[in-house]
Amino acid sequence: MLKSARKKEKDPEGRMPLSDHLRELRNRLVKSLLAICVITIVAMFFYKDIVDFLMTPVLESVGCPEGTQVSQLTGGGGGDTGKRCAEFTTNGLLSPFTIMLKVSFTTGLVLATPVWLYQLWAFLAPGLHRNEKKYGLFFVGLGVPLFVGGAFFAYRILPKSAEVLLEFTPEGVNNLLPLDDFLDLLARMIVVFGIAFELPLLLILLNFTGILSGRRMIGWWRGMIMGITVFGAIATPSTDPIGMFALAGPVTVLYFGACGIALLNDKRKARRRAADPDFGLDDDEASHLDLTPEPVGGSPAELTGGDDEPGPTRRNGYDDVT
């Protein structure tokens with residue numbers, strides 16, 4: 001049985017011995033791997049449907065018409081229609097089995113993202129402050145849809161990239177696309193687009209935690225646009241201009257959207273801080289103290305206890321209490 005180390009003692013500050021931390025990390029990793037393995041096994045039964053789903057957009061874009069050989073369209077005789085088409089191939093006897101394992105494992109890793117992200121969050125959350133927990137949960141909750149959005153964008157842009165790239169094929173040359181190479185290219189594009197779509201979320205997180213201001217973010221706009229474009233040119237596996245601008249365009253829009261959210265958050269914080277000096281302090285931080293001296297009220301007789309009652313004995317200007 002995998003027992004959580006935090007069930008033994010619930011320290012409000014999340015402190016545990018090193019052995020309990022390692023046991024907790026082991027339990028979280030095992031649960032994540034179990035989720036990935038279960039989804040991978042299920043994906044094996046739908047392996048052909050998954051591959052068809054990945055291949056269909058590219059086949060609709062550059063695939064040869066059914067019943068037509070690729071040589072009839074790209075060769076020099078009679079059937080040249082001016083359209084460059086391609087056929088998917090596998091190389092070797094074990095290649096279909098290897099592709100099945102690769103596709104199933106990738107599917108398990110992607111679909112199990114909510115599970116292993118939650119396990120990562122559950123391991124880190126007890127050691128965070130209250131504000132850090134709130135922002136971290138926001139990051140995890142919004143990070144998954146952004147990554148999926150980037151992955152879907154890569155899935156939709158790849159057919160157009162394939163069509164442009166195949167136009168460079170010389171006359172008389174057939175286009176045969178190894179299926180395993182295509183799946184590797186698609187996986188790299190999904191990862192690159194998914195990570196790139198997380199950049200605005202990272203900037204928002206830095207702003208919400210007080211590390212980066214909205215003014216500074218918007219002041220970087222020239223360098224950010226140049227950096228995003230260069231990153232798109234280097235990171236896009238297809239190395240074509242369509243893929244580069246398809247990555248740089250949406251990320252740039254998301255960057256300016258993140259700047260707008262950061263500026264609004266800075267204004268909100270300024271209003272709250274003007275109304276409450278203690279706004280934004282963590283539980284272990286000292287609150288604001290007003291150290292302005294105030295006059296002591298009352299007459300001298302009241303301060304000395306009145307006429308009937310003698311005041312406290314003073315020595316060198318100080319009473320006994322002082």
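User: How many residues does helix α1 have, and what span is expected for the helix at 1.5 Å a residue?

Analyst: Helix α1 covers residues 18-45 and has 28 residues; helices here are DSSP runs of H or I with at least four residues, numbered from the N terminus. The expected span is 1.5 Å times one less than the number of residues, and the 42 Å from the first C-alpha of α1 to its last is close to the resulting 40 Å. This is a predicted model in which local features need pLDDT of at least 70 and side-chain atom pairs count only at pLDDT 80 or more, while totals for chains, interfaces and linings use all residues. Residues are numbered from 1 along each chain as its sequence is written, and side-chain values use heavy atoms, with hydrogens and water left out.

User: Why is Ser104 called buried or exposed?

Analyst: Ser104 has a relative accessibility of 1% and therefore counts as buried, since buried means under 20% relative accessible area, exposed over 50% and partly exposed in between, with a 1.4 Å probe and protein chains only. Ser104 lies in helix α4, residues 95-111, and, leaving out residues up to four places away in sequence, touches Thr40, Ala43, Met44 and Tyr47, where contact means heavy atoms within 4.5 Å. Of these, Thr40 and Ala43 are among the buried residues of α1, and α4 is one of the elements that cover the buried residues of that helix.

User: What makes Glu24 and Arg28 a salt bridge?

Analyst: The side chains of Glu24 and Arg28 meet at 2.9 Å, N to O, and the pair therefore satisfies the rule that a side-chain nitrogen of Lys or Arg lies within 4 Å of a carboxyl oxygen of Asp or Glu. Both residues lie in helix α1, 4 residues apart, about one turn of the helix, and both are buried.

User: How do you know that Lys102 and Asp184 form a salt bridge, and how far apart in the chain are they?

Analyst: The closest N and O atoms of Lys102 and Asp184 are 3.0 Å apart, and the pair links helix α4 to helix α7 across 82 residues. Lys102 counts as partly exposed at 29% relative accessibility, and Asp184 is likewise partly exposed at 27%. The structure holds 2 salt bridges.

User: Which residues have the most contacts inside the largest nonpolar core?

Analyst: They are Leu179 and Phe182, in a core of 44 residues, where a nonpolar core is a set of buried Ala, Val, Leu, Ile, Met, Phe, Trp, Tyr and Cys residues joined through side-chain atoms within 4.5 Å. The largest share of this core, 9 residues, comes from α7.

Note on methods
Helices (H or I, at least four residues) and strands (E, at least two) are DSSP runs, numbered from the N terminus.
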